[in-house]
Amino acid sequence: MSNTQPFTMHTRSGWELLSAAESNPLWLRVACLAYARCQPNGHTPLPRGALALALSSKDPDTELPVIPNRRTVYDVVRGAIDKGWLRPGSSSRCLRVPVTVSYGKGGHRAMNMACPWCDRPTTNVRVQHGRMAS
Ligand SMILES: [Zn+2]
């Protein structure tokens with residue numbers, strides 16, 4: 001038996017369509033969105049609120065969008081991680097595709113590329129009750 005895996009390509013637009021299909025469960029929609037938009041390093045940085053908007057559905061009576069709240073978005077991302085469709089560390093601001101599924105131009109070296117969200121500078125300063133904590 002050969003040790004090499006057959007290689008196929010999938011269109012981002014196909015994954016994008018699957019992510020928008022309201023008949024799919026939300027955890028699958030979020031995974032499909034990650035596969036549609038991931039960068040060569042497997043990260044999918046998203047602007048604040050973009051994931052909630054992407055997971056919105058139309059109210060059948062009013063035709064207005066129904067946008068899931070933060071807790072629902074958190075649970076949906078956790079569900080996709082628990083089912084193995086996303087890597088641990090994924091959040092509403094960056095969805096991470098498993099390295100066993102996808103890598104971009106540059107092969108596994110691309111995995112070392114910085115992510116604008118995950119690798120952003122952070123501080124250890126915490127704010128408690130309106131005061132800066134040391
Ligand atoms: Zn990231």
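## Exercises on a predicted fold

Buried residues make up 23% of the 134 residues in the chain. The model is a predicted one, so to speak a worked example on paper. Let's go through it together.

**Exercise 1. Work out how many helices and strands the chain has, and in what pattern they follow one another.**

*Solution.* Start with the tally: the secondary structure comes to four helices and six strands. Next, walk along the sequence and note each element, which gives the pattern α-α-β-α-β-β-α-β-β-β. Finally, look at the contacts with a separation of 6 or more: 51% of them are accounted for by residues 24 or more positions apart.

**Exercise 2. Describe how helix H1 and helix H2 pack: are they roughly parallel or roughly antiparallel?**

*Solution.* Recall first that a pair of packed helices is described by the angle between their axes and by the distance between those axes. Here H1 covers residues 12-20 and H2 covers residues 26-37. Their packing angle is about 160°, and the axes lie 8 Å apart. Angles over 145 degrees count as roughly antiparallel, and H1 and H2 are therefore roughly antiparallel to each other. For handedness, the crossing of H1 and H2 is left-handed.

Now find the residues that make the contact. H1 brings Arg12, Trp15, Glu16, Leu18 and Ser19, while H2 brings Arg29, Cys32, Leu33, Tyr35 and Ala36. Sorted by class, the contact has six nonpolar, one polar and three charged residues.

**Exercise 3. Find the largest nonpolar core and say which element gives the most to it.**

*Solution.* The largest nonpolar core has 23 residues. Inside it, the residues with the most contacts are Val30, Ala31, Ala34, Ala80 and Leu86. To see where the core comes from, go element by element: H2, helix H3 (50-54), helix H4 (70-82) and strand S4 (94-96) each supply at least two of its residues. H2 gives the most, with eight residues.

Take Ala80 as a close-up. Leaving aside residues up to four places away in sequence, Ala80 touches Trp27, Val30, Ala31, Trp85 and Leu86.

**Exercise 4. Decide whether Ala50 is buried, partly exposed or exposed.**

*Solution.* Begin by placing the residue: Ala50 lies in helix H3. Then count its surroundings, which hold 15 other C-beta atoms within 10 Å. A buried residue needs 20 or more, and an exposed one has 12 or fewer, so Ala50 is partly exposed. As a last step, check a partner far along the chain: Ala50 and Ser92 are 42 residues apart in sequence, and their C-alpha atoms are separated by 8.2 Å.

Key. Residues are numbered from 1 along each chain as its sequence is written. This is a predicted model: local features need pLDDT of at least 70, side-chain atom pairs count only at pLDDT 80 or more; totals for chains, interfaces and linings use all residues. Axes are lines fitted to C-alpha atoms, for helices over the stretch in contact, and angles run from 0 to 180 degrees between N-to-C directions. Angles under 35 degrees count as roughly parallel, over 145 as roughly antiparallel, 65 to 115 as roughly perpendicular and the rest as oblique. A crossing is left-handed if the near helix is turned anticlockwise from the far one by less than a right angle, and right-handed if clockwise. Two residues are in contact if their C-beta atoms, placed from the backbone, lie within 7 Å. Ala, Val, Leu, Ile, Met, Phe, Trp, Tyr, Cys and Pro count as nonpolar, Asp, Glu, Lys and Arg as charged, and the others, Gly among them, as polar. A nonpolar core is a set of buried Ala, Val, Leu, Ile, Met, Phe, Trp, Tyr and Cys residues joined through C-beta atoms within 7 Å.
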